[in-house]
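The following note sets out several points for a colleague who wishes to examine this model. Each point may be checked against the coordinates.

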Amino acid sequence: MDKFSSFAQFYPYYLSEHRHPVCRALHYIGSALVIIVLLYSLFSQQWRWLWLLPLIGYGFAWVGHFAFEHNRPATFKHPFYSLAADWVMLKDFLTGQLKRKLGAN
């Protein structure tokens with residue numbers, strides 16, 4: 001699907017593109033590191049580290065897609081929905097909802 005009229009429509013597609021557990025783990029690692037670097041920068045007021053955020057966040061995710069999922073990241077066609085979906089997927093993983101949602105696809 002190329003067109004989505006809502007995030008609710010997009011998210012099941014996003015999950016279908018993240019079936020491989022290593023790919024998802026790399027997304028979680030990247031997201032966690034983004035939070036760590038962001039908090040470090042804010043509390044230390046060392047703003048020079050902020051340039052790493054997109055590199056870390058997208059770098060880990062893209063390795064997962066190219067090396068394990070063998071698909072093209074949704075970021076290329078749906079950057080805003082994809083960014084939001086990264087955080088929703090992490091939330092679903094941490095709250096134990098992901099397995100059910102993956103099974104629904």
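A residue is called buried when its relative accessible area is under 20%, exposed when that area is over 50%, and partly exposed in between. The model is a predicted one.

1. Gln 45 and the end of α2. Gln 45 follows just after α2 and belongs to the loop between α2 and α3. Its relative accessible area is 57%, and Gln 45 is therefore exposed, the cut-off being over 50%. The phi of Gln 45 is near 55 degrees, a positive value in a residue other than glycine.

2. His 70. A positive phi of about 55 degrees also appears at His 70, which is not a glycine. His 70 is placed in the loop between α3 and α4. With a relative accessible area of 62%, His 70 is exposed.

3. Thr 75. The loop between α3 (52-69) and α4 (79-94) also holds Thr 75. Is Thr 75 buried or exposed? Its relative accessibility is 14%, so Thr 75 counts as buried. Apart from neighbours within four places in sequence, the residues in contact with Thr 75 are Tyr 58, Trp 62 and Ser 82. With Ser 82 there is a polar contact between the two side chains, at 3.1 Å.

4. Helix α2. This helix comprises 24 residues, and the distance from its first C-alpha to its last is 34 Å, close to the 34 Å expected at 1.5 Å a residue. The buried residues of α2 include Cys 23, Arg 24, His 27, Tyr 28, Val 34 and Val 37. Against which elements do the buried residues of α2 pack? They pack against α1 (7-16), α3, α4 and α5 (98-103).

5. The nonpolar surface patch. Ile 35, Leu 38, Leu 39, Leu 42, Phe 43, Trp 47, Leu 83 and Trp 87 make a nonpolar surface patch of about 790 Å². Two or more residues of this patch are given by each of α2 (21-44) and α4, and α2 supplies the largest share, five residues. Trp 47, by contrast, is found in the loop between α2 and α3. The relative accessible area of Trp 47 is 48%, so this residue is partly exposed.

6. Salt bridges. How many salt bridges does a search of the whole structure find? The search finds two. Side chains of opposite charge can pair when their charged atoms come close. Asp 92 forms a salt bridge with Lys 91, with the closest N and O atoms 2.7 Å apart. Asp 92 also forms one with Lys 101, where the closest N and O atoms are 3.2 Å apart. Lys 91, Asp 92 and Lys 101 are thus linked in a network of salt bridges. Asp 92 has 0% relative accessibility and so counts as buried, whereas Lys 91, at 37%, counts as partly exposed.

7. The segment before α1. Asp 2 is placed in this segment. Leaving aside neighbours within four places in sequence, Asp 2 is in contact with Lys 77 and His 78. Between Asp 2 and Cys 23 the separation is 21 residues in sequence and 22 Å in space, taken from C-alpha to C-alpha. Cys 23 is one of the buried residues of α2.

Methods. Residues numbered from 1 in each chain as written. Predicted model: local features only at pLDDT ≥ 70, side-chain atom pairs only at ≥ 80, totals over all residues. Heavy atoms only, no water. Helix = DSSP H or I, 4+ residues; strand = E, 2+ residues; numbered from the N terminus. Buried < 20%, exposed > 50% of the residue type's maximum accessible area, 1.4 Å probe, protein only. Polar contact = N/O pair within 3.5 Å; in protein donor to acceptor, adjacent residues only side chain to side chain. Contact = heavy atoms within 4.5 Å. Patch = residues over 30% accessible without salt bridge, like charges linked within 9 Å, V, L, I, M, F, W, Y side chains within 5 Å. Areas by Shrake-Rupley, 256 points an atom, 1.4 Å probe, with all protein chains shown as cover. Salt bridge = Lys/Arg side-chain N within 4 Å of Asp/Glu carboxyl O. Expected span 1.5 Å × (residues − 1).
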